[in-house]
Amino acid sequence: MAGGMLMVCVLAAVIYQARTVEEPEHIQEIHPWKNQGTGLVRVKRDWIIPPIRVLENSKQVPENLVQIKSDKIFTGEVIYKLEGPGVDQAPKNFFEIDDKTGMIRSKRPLDREKYSSFTLKAFALSPSGERLENPTTIEIVVLDQNDNRPGFTQKQFTGSVPEFSVPGTSVMSVTATDADDPTTENAFLSYSIIGQESFPANAVTKTMFGINNETGTIYTRDVGLDREVVTSFKLKLQVADMGGMGLSTEGVAIIQVSDINNYAPQFSPNSYKMTAVENRRNEEIGRVNVTDLDDRGTGHWEARYAISNDPYRNFAITTDAATNQGILTVVQPLDYEAQMEHTLILTVENINPLSSKAPNLPVSSATVLVTVVNENEAPHFTEDPMRIVVPESVTPGTLLKSNIAFDPDNSHLRYEISRDPERWLDINRNTGEITARRPFNMRSQYVRNNIYTAIVKVTDAGGVSTSATVAITLTETNDFAPQLLPLTGIVCRDTRRSVSGLILTAEDDDLPPQAAPFVFEIPDDVSGNWTVVQVNDTHAVLQPLVDLDDGEYAVTVLVSDSGSPFFSSYAQVNVTVCLCDTFGDCKSEAGAIFASSTGISFIALIIIMASIALLLLLLLLAVAVTSCGRRHHIKKGTGLLGGDSEDDIRDNVLNYNEQGGGEEDENAFNMDLLWNPLDANTTPMSPVSPVSCYPASGLPRGKQPVRKDAPHDLPSPIYPRRPPADPTDIQDYINDGLEAADKDPNVPPYDTALIYDYEGEGSLAGSLSSVASGSSDGEQDYDYLNDWGPRFQKLANMYEPR
């Protein structure tokens, strides 16, 4: 092992191989290592350095504690250092070392209760700081002094002990602590009782309690603890250290004497007289008193009463928790006429059972005489509510109820009805018999769940009255006949001639059992083409018995209810028989055909209709192309109306819709259109009409309107009736027509000429234009329009002579 070992000189004992060496007078040097030749040889056993013991609170400071030295021979100087708590670690500045001599000293007094020991390390260093020796551990132990007083853990200890407890009964324990070393006599405590005070004062003079001086347990020492004599004790305690010879402290203990049930309650007095008014309920009639010496407010003191000699249980008694009195009440009304006096026997006990230490006495009892006081009693109804069951169609004057009330005092009674909102009842003022004034009605707003409620009042001779309810249960009677529903409907027929039915039901203002089940039937004197099949209590199905054609049918049905007696009513049902769609509605004729099983499918129908429309469109296009071709091939020099033939000229229609003028001209007269597709009062012209075109205002309907800007009643000019034979004169023809129109007061007031296309020569219909209509002063005859078919009859009627 390199280096030598520090030598420690101590003032205390040094242990070497379990031997103790005491040298208190001087510092002894210890040589744990010895030089042998040129090398160091380790000693077989190490020196054990004992702790350095320092007395706390020492006043000799600084005080030398121990000196350390190194036994190694150095050529240079050795410096000693000390480290650890108490030196350079918290708590600091308690110890120091002389760096040259190695002497360790205490710098200030020590307190064992704060720091009981210190562990330090000492070093031997060269001047350059090189460690010359291994560090040596030094433990400093602080020795205790009796510098702390013991103290009780509570300012005041409280406990209790039952009265009449035997000696040695444990009451409570007190505790104390001492901050001195518990392993020394300085903290060895001893308890004692140094004073006793009773409440009330001087009630007990002998010492009743003792204490274990080591554990602090307080116990009873003597007999005679009676709570009725003394309620509590105050003990003065003392605790001292050093087995009772050192420092001491005083304390207080309060001991309550707890109650036991050693006294039974006693009636005081044991005889009472009370009065009770008859017919009263839950009314207090008096109180009884008891005495009990036990602790007030506990179960040992609280009384519990009982009543005997009360077979009908008319009375009850309870305990007043504050006074412990018995409160006697009437719980069932008394009857003066039946019994004028009642004698009751009362007994009393505590809630808690008596202690075995209580005197053996019988249970206390008392007698109570109750006198019943008579009063004018109110009349009594025999039942409330009075229940009556009667049919709603009761005959007026029917007796509904009698003997409804009586008076305990046998006085005369007067009856009246205080509530009868429908005024259905009468009552005999003297006998109280209730009769029906008029029939009842279950549909009244005052009838709830078939029950009508009224109130009857009865008053005795003394003016005391009472009321009762009359609950009249109304039973249903058959008052109304059932009404058949519905009165119209559809019966569907498919292509296989199978027919469905019309579901019928009925309504009845009566209530069950006077309404459903209903019976549906067809009278015998009605046609046998129809029958009614009953489905359930409320529905039936109307069906035809034979195959019927589509159309409207009136069927008479008889419906009856289940009343007693039953009521019936006839009804005519208007039935439509037809083929139906999926919604149950009648189909159109086309829809019926296409929906039949022998018809074509819907997709095929669409294809056929689309093909027809396409053919019509192609035909119209061909006609239009042909017409346009004919117009472009008019021979030059033949005139505007010239062509290959007269038929070709008639087929080419030129429609001019020139309507010159303004708002003033249009306001001057009102002209209806010849045909408006949105006007239901007009009829479209036939597509084969010989009329080629019309003015925008259309043909006149009814009387021709008159222009307002021309004198009235002027003769119309003569229009050319037929076009000239030579088409080259068409210009003169138009000019003549224009001049005549300008002078005609009956034509529409337009500023421009009304241009009409030439309709061809030799037309069978002739011209319908206004230019030709005025060619004669005579009436125009349009009867030939009737020969063209029904589509032109409307047009012929429009041009009747005015």
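**Reading salt bridges, disulfides and surface in a predicted model**

Modeller: Lysine 401 forms a salt bridge with glutamate 383, and their closest N and O atoms are 2.7 Å apart. The pair links distant parts of the chain, since lysine 401 belongs to strand S33 (residues 399–401) while glutamate 383 sits in the loop between S31 and strand S32 (386–391), 18 residues apart. Please keep in mind throughout that this is a predicted model.

Biologist: How many salt bridges does a search of the whole structure find?

Modeller: The general idea is that a side-chain nitrogen of Lys or Arg must lie within 4 Å of a carboxyl oxygen of Asp or Glu. On that basis the search finds 14 salt bridges in the whole structure. One of them joins the side chains of arginine 280 and glutamate 375, at 3.3 Å from N to O. Here too the pair links distant parts of the chain, with arginine 280 in the loop between strand S23 (271–277) and strand S24 (283–288), and glutamate 375 in the loop between strand S30 (365–373) and strand S31 (380–381), 95 residues apart. Another is the bridge between the side chains of lysine 236 and glutamate 250, at 3.6 Å from N to O, which connects strand S20 (residues 232–240) with strand S21 (residues 248–258).

Biologist: Which residues are linked in a network of salt bridges?

Modeller: Such a network is made up of Arg112, Glu113 and Asp144.

Biologist: Turning to the cysteines, how many disulfides does a search of the whole structure find?

Modeller: The criterion is a pair of cysteine sulfur atoms within 2.5 Å, and the search finds two disulfides. Cysteine 492 and cysteine 580 form one of them, with their sulfur atoms 2.0 Å apart. This pair links distant parts of the chain, cysteine 492 being in strand S42 (residues 488–492) and cysteine 580 in the loop between strand S48 (568–578) and helix H1 (589–595), 88 residues apart. A disulfide also joins cysteine 578 to cysteine 586, with an S to S distance of 1.8 Å. Counting bonded cysteines along the chain, the disulfides follow the pattern 1-3, 2-4.

Biologist: Why is the disulfide of cysteine 492 and cysteine 580 described as left-handed?

Modeller: The description rests on the torsion about the S-S bond, which is about -90°, so the disulfide is left-handed. The link of cysteine 578 and cysteine 586 is left-handed as well, with -80° about its S-S bond.

Biologist: Is cysteine 580 buried or exposed?

Modeller: A residue counts as buried when its relative accessible area is under 20%. Cysteine 580 is therefore buried, with 16%, whereas its partner cysteine 492 is partly exposed, with 21%. In the other disulfide, cysteine 578 is buried at 7% and cysteine 586 is partly exposed at 34%.

Biologist: What does serine 165 show, and where is its place?

Modeller: Serine 165 is in the loop between strand S14 (156–162) and strand S15 (170–173). At 9% relative accessibility serine 165 counts as buried, and a polar atom of its side chain lies 2.5 Å from the backbone oxygen of proline 162.

Biologist: Finally, which residues make a nonpolar surface patch?

Modeller: Ile608, Ile612, Leu616, Leu619 and Val623 make a nonpolar surface patch of about 470 Å², and leucine 616 among them lies in helix H2 (residues 602–632). For the wider setting, the protein has seven helices and 48 strands, and of its 802 residues 36% count as buried.

Notes:
Residues are numbered from 1 along each chain as its sequence is written. This is a predicted model: local features need pLDDT of at least 70, side-chain atom pairs count only at pLDDT 80 or more; totals for chains, interfaces and linings use all residues. Side-chain values use heavy atoms; hydrogens and water are left out. Patches are made of residues with over 30% relative accessible area and no salt bridge: like charges are joined within 9 Å, nonpolar side chains (Val, Leu, Ile, Met, Phe, Trp, Tyr) within 5 Å. Accessible areas come from the Shrake-Rupley method with a 1.4 Å probe; for residues, only the protein chains shown count as cover. Helices (H or I, at least four residues) and strands (E, at least two) are DSSP runs, numbered from the N terminus. Buried means under 20% relative accessible area, exposed over 50%, partly exposed in between (1.4 Å probe, protein chains only). A polar contact is a pair of N or O atoms within 3.5 Å; within protein, one must be able to donate a hydrogen and the other to accept it, and residues adjacent in sequence count only if both atoms are side-chain atoms.
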